[in-house]
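Me: I'd like a close look at one small part of this protein, with enough of the overall picture to place it. Here is what I'm looking at.

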Amino acid sequence: MQYLHTMVRVHDLEKSLHFYCDLLGLKEISRKDSEKGRFTLVFLAAPGDEARAREDRAPMIELTYNWDTEEYTGGRNFGHLAYRVDDIYSLCEHLKSNGVVINRPPRDGYMAFVRSPDGISIELLQKGDALAPKEPWVSMENTGSW
């Protein structure tokens, strides 16, 4: 398993970038605008992690700016922790067999979400290419929120 990033939702992307980059000293590694999803993702890394972040896409902080106004309550501005895993199906089966709810099953063989006992959302991402679709994951519905 490899730590990837922590996602934080932000209200004002420019103010947030000023804080994280200009004041704190983080470096912008990449940016993605999604017209369809109506959001912008900006990935930042500490100066000492910049080379690794560019090569491995980790460790970073992901700033998520939703274009539509939303009030974040109950910690909703904190998004999730993300980990790259060797075998997403095996790990999800292990978690499920130990009573962990798979909130977003790995239907695509690449991404799943679970929650910690304290309700922290954890994103699991398959290392390398997505695995071939496999049951029971392909047919499993989402449960709750992540």
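Is R9 buried or exposed, going by its relative accessible area? Please take me through its surroundings too.

Reply: Bear in mind that this is a predicted model. R9 is buried: its relative accessible area is 16%, and the cut-off for buried is under 20%.

Let's place it. R9 belongs to strand β1, which covers residues 2-9. Leaving aside residues up to four places away in sequence, R9 touches T64, N66, Y72, R76, N77, F78 and G79. One of these partners, N77, is 68 residues away along the chain, yet the C-alpha atoms of R9 and N77 are separated by 4.5 Å.

Now step along to V10, in the loop between β1 and α1, the latter being residues 13-23. V10 counts as buried as well, with a relative accessibility of 6%. Its contacts, again without residues up to four places away, are S16, L63, T64, Y65 and Y72. T64 and Y72 appear in this list, and R9 touches T64 and Y72 too. There's also a sequence-distant pairing to look at here: V10 and E62 are 52 residues apart in sequence, with a C-alpha to C-alpha distance of 9.9 Å.

How does that fit the rest of the chain? Among contacts between residues at least 6 apart in sequence, 60% join residues at least 24 apart. The protein chain has three helices and eight strands, and from the N terminus they run β-α-β-β-α-β-β-α-β-β-β. The radius of gyration is 16 Å, close to the 15 Å that the globule rule gives for 146 residues, so the chain is as compact as a globular protein of that length. Along the principal axes, the C-alpha atoms fill a box of roughly 45 × 35 × 30 Å. R9 and V10 are buried, and buried residues make up 39% of the 146 in the chain.

As for the outside, the chain exposes about 8400 Å², with carbon and sulfur atoms supplying 51% of that. On the charge side, there are 18 positive and 23 negative side chains, and the centres of the two sets lie 1 Å apart.

While you have the model open, have a look at the aromatics. The structure holds three aromatic pairs. One of them is F19 with Y20: the ring centres are 5.0 Å apart and the planes sit at 80 degrees, so this pair is edge-to-face. F19 is partly exposed at 41% relative accessibility, whereas Y20 is buried, with a relative accessible area of 17%.

Another pair is F113 with W146, where the ring centres are 5.7 Å apart and the planes are at 25 degrees, so the rings are stacked. This pair links distant parts of the chain, with F113 in strand β7 (residues 111-115) and W146 in the segment after β8 (121-126), 33 residues apart. F113 counts as buried at 6% relative accessibility, while W146 is partly exposed at 34%.

Back to where you started, then: R9 is a buried residue in strand β1, with N77 among its contacts. V10 is buried too, and sits in the loop between β1 and α1.

Methods. Residues are numbered from 1 along each chain as its sequence is written. This is a predicted model: local features need pLDDT of at least 70, side-chain atom pairs count only at pLDDT 80 or more; totals for chains, interfaces and linings use all residues. Side-chain values use heavy atoms; hydrogens and water are left out. Helices (H or I, at least four residues) and strands (E, at least two) are DSSP runs, numbered from the N terminus. The radius of gyration is taken over C-alpha atoms; the globule rule is 2.2 Å times the number of residues to the power 0.38. Buried means under 20% relative accessible area, exposed over 50%, partly exposed in between (1.4 Å probe, protein chains only). Contact means heavy atoms within 4.5 Å. Accessible areas come from the Shrake-Rupley method with a 1.4 Å probe; for residues, only the protein chains shown count as cover. Lys and Arg count as positive and Asp and Glu as negative; His and the chain ends are not counted. The place of a charge is taken as NZ of Lys, CZ of Arg, CG of Asp or CD of Glu. Rings of Phe, Tyr and Trp (its six-membered ring) pair if their centres lie within 6.5 Å; planes under 30 degrees apart count as stacked, over 60 as edge-to-face and the rest as tilted.
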